[in-house]
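Hi,

Here is the structure I said I would pass on. Have a look at it first, and then read on for what turned up.

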Amino acid sequence: MAACLGVMALAVFLNVVLRYGFGGGVAASEELSRLLFIWVVFIGATLAYRSGEHMAFTGLVGLLRTRPAAFRAATTVIRLLVLLACVLLARGAWQQVLVGLGSHSVVLGYSTALQPLPALLCAVAIGAMACMELLRGTPLQLGHGAEVE
């Protein structure tokens with residue numbers, strides 16, 4: 001993730017300097033930055049889920065903390081919804097990967113299947129983590145804001 005961010009920052013900075021300083025730019029920097037940004041977003045989403053930092057609305061579930069059975073039921077429903085979202089995302093991403101196998105990017109010439117691929121990998125990774133949490137009965141992490149609410 002850090003390497004992607006570093007390459008993106010360098011490519012964009014170099015392109016800005018070349019455009020405004022010398023009247024030209026590197027066409028590949030935009031395409032490369034776009035591809036790397038997609039990968040950074042989905043890698044970040046996967047890491048955020050793993051560490052319990054994904055956006056969550058803990059107000060209602062936080063009220064159920066004093067009722068263990070209701071809290072476990074809500075946790076199960078939430079994890080099942082996460083799995084459903086992962087299945088839908090993976091299905092759509094897989095279809096886009098198949099479409100992308102037959103075409104290439106304009107400037108760099110990489111297979112455009114590399115653009116939806118991180119969404120597919122993210123869906124599989126988050127789905128696997130949610131399955132493991134569901135099977136282990138891991139309690140839902142209410143996050144930092146749970147004490148404030």
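Which residues of α5 are buried? In this predicted model, they are P118, A119, L120, C122, A123, I126, G127, M129, A130 and E133. As for what they sit against, the buried residues of α5 pack against α2 and α4. The helix itself has 20 residues and covers 29 Å from first C-alpha to last, close to the 28 Å expected at 1.5 Å a residue.

One name on that list is worth following up. E133 forms a salt bridge with R79, and their closest N and O atoms are 2.8 Å apart. R79 lies in helix α4 (residues 68-100) and E133 in helix α5 (residues 117-136), so this pair ties together parts that are 54 residues apart in sequence. Both R79 and E133 are buried.

Now for the other partner, α4. It has 33 residues and reaches 47 Å between its first and last C-alpha, close to the 48 Å expected at 1.5 Å a residue. Among its buried residues are F71, A74, T75, R79, L83 and C86, and further along come A90, A93, V97 and G100. The buried residues of α4 pack against α2, α3 (58-63) and α5. If you are colouring the helix by burial, remember the general pattern: an α-helix has 3.6 residues a turn, so residues three or four places apart point the same way.

How many salt bridges are there? The count comes to two. Besides the pair above, R19 and E30 meet through their side chains, at 2.3 Å from N to O. R19 is in helix α1 (residues 2-22) and E30 is in helix α2 (residues 27-50), so this bridge ties together parts that are eleven residues apart in sequence. Are these two buried or partly exposed? R19 is partly exposed, with a relative accessible area of 44%, and E30 is partly exposed too, at 40%.

Last, a look at α3. V61 is found in this helix and is buried, with a relative accessible area of 9%. Leaving aside neighbours within four places in sequence, V61 is in contact with F71, I78, L140 and L142. F71 is also one of the buried residues of α4.

One more spot to click on is G137, which follows α5 and has a positive phi, near 75°. From V61 to G137 is 76 residues in sequence and 16 Å in space, C-alpha to C-alpha.

Cheers

Conventions: Residues numbered from 1 in each chain as written. Predicted model: local features only at pLDDT ≥ 70, side-chain atom pairs only at ≥ 80, totals over all residues. Heavy atoms only, no water. Salt bridge = Lys/Arg side-chain N within 4 Å of Asp/Glu carboxyl O. Helix = DSSP H or I, 4+ residues; strand = E, 2+ residues; numbered from the N terminus. Buried < 20%, exposed > 50% of the residue type's maximum accessible area, 1.4 Å probe, protein only. Expected span 1.5 Å × (residues − 1). Contact = heavy atoms within 4.5 Å.
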